[in-house]
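Okay, thanks for squeezing me in, everyone. Let me put the sequence and the model up on the screen, and then I'll walk you through them.

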Amino acid sequence: MQSFVPPAVRAGPEDGDRDADGQSGVATKTRPKTKKPSLYRVLLLNDDYTPMEFVVAILEQVFNKSREEATRIMLHVHNQGVGECGVYPFEVAETKVTHVMDAARRNQHPLQCVMEKQ
Ligand code: TYC
């Protein structure tokens with residue numbers, strides 16, 4: 001015995017919703033089943049000791065920036081104190097922060113990289 005669930009409270013069409021034509025008969029446009037992932041900004045913080053060239057290299061290698069864009073972001077952080085390297089889904093942002101912090105530690109630089117929910 002299948003219990004009735006009104007369409008308005010269901011997540012979206014499932015296999016059992018399809019009729020002989022393969023039409024679901026359930027509206028999907030207003031409530032798509034797939035959810036967009038939350039996005040996180042990855043930020044670099046300024047300090048007085050990390051070499052500019054190291055920060056540029058991080059922005060090129062970890063954040064796939066051109067040398068010109070990497071230099072622009074590095075100078076923005078240097079002058080403003082903080083700057084955005086990119087916006088990513090949680091796990092991508094977390095991995096990039098880890099890569100930056102590992103590289104900074106390996107090279108004994110105090111560079112700090114953080115993420116924040118957008
Ligand atoms: N302020 C540093 C210097 O003068 C350069 C720097 C830029 C450091 C950006 C960190 O996130 C940073 N060498």
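Let's start with an easy one: in which segment is Lys 36 found? Lys 36 is in the segment before strand 1, where helices (H or I, at least four residues) and strands (E, at least two) are DSSP runs numbered from the N terminus. Before I go on, the ground rules: this is a predicted model, so local features need pLDDT of at least 70 and side-chain atom pairs count only at pLDDT 80 or more, while totals for chains, interfaces and linings use all residues. Residues are numbered from 1 along each chain as its sequence is written, and side-chain values use heavy atoms, with hydrogens and water left out.

Back to Lys 36. Its relative accessibility is 80%, so it counts as exposed; for us, buried means under 20% relative accessible area, exposed means over 50%, and partly exposed is in between, with a 1.4 Å probe and protein chains only. Lys 36 and Pro 89 are 53 residues apart in sequence, yet their C-alpha atoms are 9.3 Å apart in space.

Now the overall layout. The protein has three helices and three strands, and along the sequence they run β-α-α-β-α-β. Of the 118 residues, 28% count as buried. If you take the contacts (heavy atoms within 4.5 Å) with a separation of 6 or more, 65% of them come from residues 24 or more positions apart. The protein exposes about 8,500 Å², and carbon and sulfur atoms supply 51% of that; those accessible areas come from the Shrake-Rupley method with a 1.4 Å probe, and for residues only the protein chains shown count as cover.

Helix 1 is a good place to look inside. Its buried residues are Phe 54, Val 55, Val 56, Ala 57, Ile 58 and Leu 59. What do they pack against? Strand 1, helix 2, strand 2 (82-89) and helix 3 (90-106).

Speaking of helix 3, two residues there make a nice pair. Val 100 lies in helix 3 and is buried, at 0% relative accessibility. Leaving out residues up to four places away in sequence, Val 100 touches Leu 44, Ile 58, Val 62, Phe 63, Leu 111 and Cys 113. Thr 95 is also in helix 3, but Thr 95 is partly exposed, with a relative accessible area of 40%. The C-alpha atoms of Thr 95 and Val 62 are 9.6 Å apart, with their positions 33 residues apart along the chain.

Okay, the ligand. Which residues are around it? Leu 44, Leu 45, Asn 46, Asp 47, Thr 50, Met 52, Val 55, Met 74, Val 77, His 78 and Leu 111, and a residue is near the ligand if one of its heavy atoms lies within 4 Å of it. By class, that shell has seven nonpolar, three polar and one charged residues. The classes go like this: Ala, Val, Leu, Ile, Met, Phe, Trp, Tyr, Cys and Pro are nonpolar, Asp, Glu, Lys and Arg are charged, and the others, Gly among them, are polar. Strand 1 (39-45), helix 1 (52-61) and helix 2 (67-80) each supply at least two shell residues, and helix 2 gives the most, with three.

On to individual atoms. An oxygen atom of the ligand is 2.8 Å from a polar backbone atom of Leu 45. A ligand nitrogen is 2.9 Å from a polar backbone atom of Thr 50, and a ligand nitrogen is 2.9 Å from an N or O atom in the side chain of His 78. The protein covers 90% of the 350 Å² of accessible area that the ligand has on its own.

What about disulfides: how many does the structure hold? Zero, where a disulfide would be a pair of cysteine sulfur atoms within 2.5 Å. The sulfur of Cys 113 is 5.4 Å from the closest cysteine sulfur, in Cys 85, and that's too far for a bond. Cys 85 is buried, at 1% relative accessible area, and Cys 113 is buried as well, at 5%.

Last stop, the loops. Asn 64, between helix 1 and helix 2, has a phi near 55°, a positive value in a residue other than glycine. Asn 64 is exposed, at 61% relative accessibility. Gln 108, in the loop between helix 3 and strand 3 (112-117), has a positive phi too, near 60°, and Gln 108 is exposed, with a relative accessible area of 74%.

Methods. A polar contact is a pair of N or O atoms within 3.5 Å; within protein, one must be able to donate a hydrogen and the other to accept it, and residues adjacent in sequence count only if both atoms are side-chain atoms.
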